[in-house]
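Please work through the exercises below with the sequence and the coordinates open, and attempt each task before reading its solution.

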Amino acid sequence: DMVSAHQPFKDFPDQIKDEAQKNGATAQVAGGTPAMCDGITQGYAGMELSLFSRDVIAMSTAIGLSHQMFDGSLFMGVCDKIVPGLMIGALSFGHIPGIFVPAGPMSSGIGNKEKARTRQLFAEGKVGRDALLESEMGSYHSPGTCTFYGTANSNQMMMEMMGVHLPAAAFVHPYTDLREALTRYAAGHLARGIKNGTIKPLGEMLTEKSFINALIGLMATGGSTNHTMHLVAMARAAGVILNWDDFDEISSIIPLLIRVYPNGKADVNHFTAAGGLPFVIRELLDAGLLHDDVDTVVGHGMRHYT
């Protein structure tokens, strides 16, 4: 409950266990991880621990999987260091299949322009703390991910670009029928895929092209520059060497297709309403700028995600 993005996950284990049972499987919670927020700790000593927490999360994930009881895993995470840590930990047990399950963004609150204006007025001493807090509470007002296109939402984009989400799962609001349906389907799909041998282990499924697709998505959407660290680390966990030269070379050929705050006025909900990731993926595929010959959790090829 400390971080709004992860608050919806409290209901997911029961949904997953129920759906797994319907598909002849047993689901158990293997372990939990820290889930700190840079925004909450900003300006305090705790912020110095933020980057370190990624590796703690990776180790926590690996420890949970080390029970050697699991035929597959569902990884629930959203925010900045959580998803990279989960992926690094998951790849240390890359011989089992897995699906990443997001919680989705909160609905749009006060517009970014108005929020920025209030912050500026507060910095100038023209409004008080009460006005600032009212604005902030109106901006970040409910369960779900913050709606600006920072590292958390860039995480969700990359997981979809890598084919470890269900298609179009990234930006569906929490506590909606569709979000619950996606969560339940992920559990059932994983159980059926393991039973039928139709879903590959993560370490086999994720190749160089999968990570390049994530990088292409980052460039096409103007995603978080923090992934100059995190994407490199995730790739290394899969045995793929990705470096800043690759970022430079790919950025020179991939067009910027969207502008989402702070790179524009719209937030991730506006982006989703305008076509979202399925649109971006389709445009990149049609232009020959995205690898289609990759495996995903729903089959071969990125066309599944359009």
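The exercises that follow concern a predicted model, and they treat helix packing, the nonpolar core and some backbone details.

**Exercise 1. Helix 4 and its partner**

Determine how many residues of helix 4 (residues 82-91) are buried, and then describe how helix 4 packs with helix 11.

Solution. Step one is to apply the cut-off for burial, which is a relative accessible area under 20%. In helix 4, 10 of its 10 residues are buried, among them Ile82, Gly85, Leu86 and Gly89. Step two turns to the axes: those of helix 4 and helix 11 come within 8 Å and cross at roughly 10°. Because angles under 35 degrees count as roughly parallel, helix 4 is roughly parallel to helix 11. Step three lists the residues that meet, namely Pro84, Met87, Ile88 and Leu91 from helix 4, and His227, His230, Ala233, Met234 and Ala237 from helix 11. Sorted by class, this contact has 7 nonpolar, 2 polar and no charged residues.

**Exercise 2. Helix 10 and helix 11**

Classify the packing of helix 10 (residues 208-221) with helix 11 (residues 227-237), starting from the angle between their axes.

Solution. The two axes lie 10 Å apart, and the angle is about 170°. Since angles over 145 degrees count as roughly antiparallel, helix 10 and helix 11 are roughly antiparallel to each other. The crossing of this pair is right-handed. On the side of helix 10 the contact is made by Phe211, Ala214, Leu215 and Leu218, and on the side of helix 11 by His227, Leu231, Met234 and Ala235. These residues divide into 7 nonpolar, 1 polar and no charged.

**Exercise 3. The largest nonpolar core**

Identify the residues that touch the most other members of the largest nonpolar core, and follow the contacts of Leu231.

Solution. The core holds 80 residues, and those touching the most other members are Met87, Phe100, Met159, Leu202, Leu206, Phe211 and Leu231. Helix 10 supplies the largest share of this core, with 8 residues. For Leu231, once neighbours within four places in sequence are left aside, the contacts are Met158, Phe211, Ala214, Leu215, Leu242 and Phe247.

**Exercise 4. Helix 7 and helix 14**

Decide which orientation class describes helix 7 (residues 151-161) and helix 14 (residues 276-286), and give the make-up of their contact.

Solution. Their axes are 11 Å apart and the angle is about 50°, and the pair is therefore oblique. The crossing is right-handed. Met157, Glu160 and Met161 of helix 7 meet Leu277, Val280, Ile281 and Leu284 of helix 14. This contact consists of 6 nonpolar, no polar and 1 charged residues.

**Exercise 5. Backbone details in the loops**

Locate Gln68, Tyr175 and Pro262, and state what the backbone does at each.

Solution. Gln68 sits in the loop between helix 3 (50-65) and strand 1 (73-76), where its phi is near 60°, a positive value in a residue other than glycine. With a relative accessible area of 58%, Gln68 is exposed. Tyr175, which is not a glycine either, has a positive phi of about 55° and lies in the loop between helix 7 and helix 8 (177-196). The relative accessibility of Tyr175 is 45%, and Tyr175 therefore counts as partly exposed. Finally, Pro262 is placed in the loop between helix 12 (244-251) and helix 13 (268-273), and the peptide bond from Tyr261 to Pro262 is cis, with omega near 15°.

How values were computed:
Residues numbered from 1 in each chain as written. Predicted model: local features only at pLDDT ≥ 70, side-chain atom pairs only at ≥ 80, totals over all residues. Heavy atoms only, no water. Core = buried A, V, L, I, M, F, W, Y, C linked by side-chain atoms within 4.5 Å. Buried < 20%, exposed > 50% of the residue type's maximum accessible area, 1.4 Å probe, protein only. Helix = DSSP H or I, 4+ residues; strand = E, 2+ residues; numbered from the N terminus. Contact = heavy atoms within 4.5 Å. Axes fitted to C-alpha atoms, helices over the stretch in contact; angles between N-to-C directions. Parallel < 35°, antiparallel > 145°, perpendicular 65-115°, else oblique. Left-handed = near helix turned anticlockwise from the far one by under 90°. Nonpolar A, V, L, I, M, F, W, Y, C, P; charged D, E, K, R; others polar.
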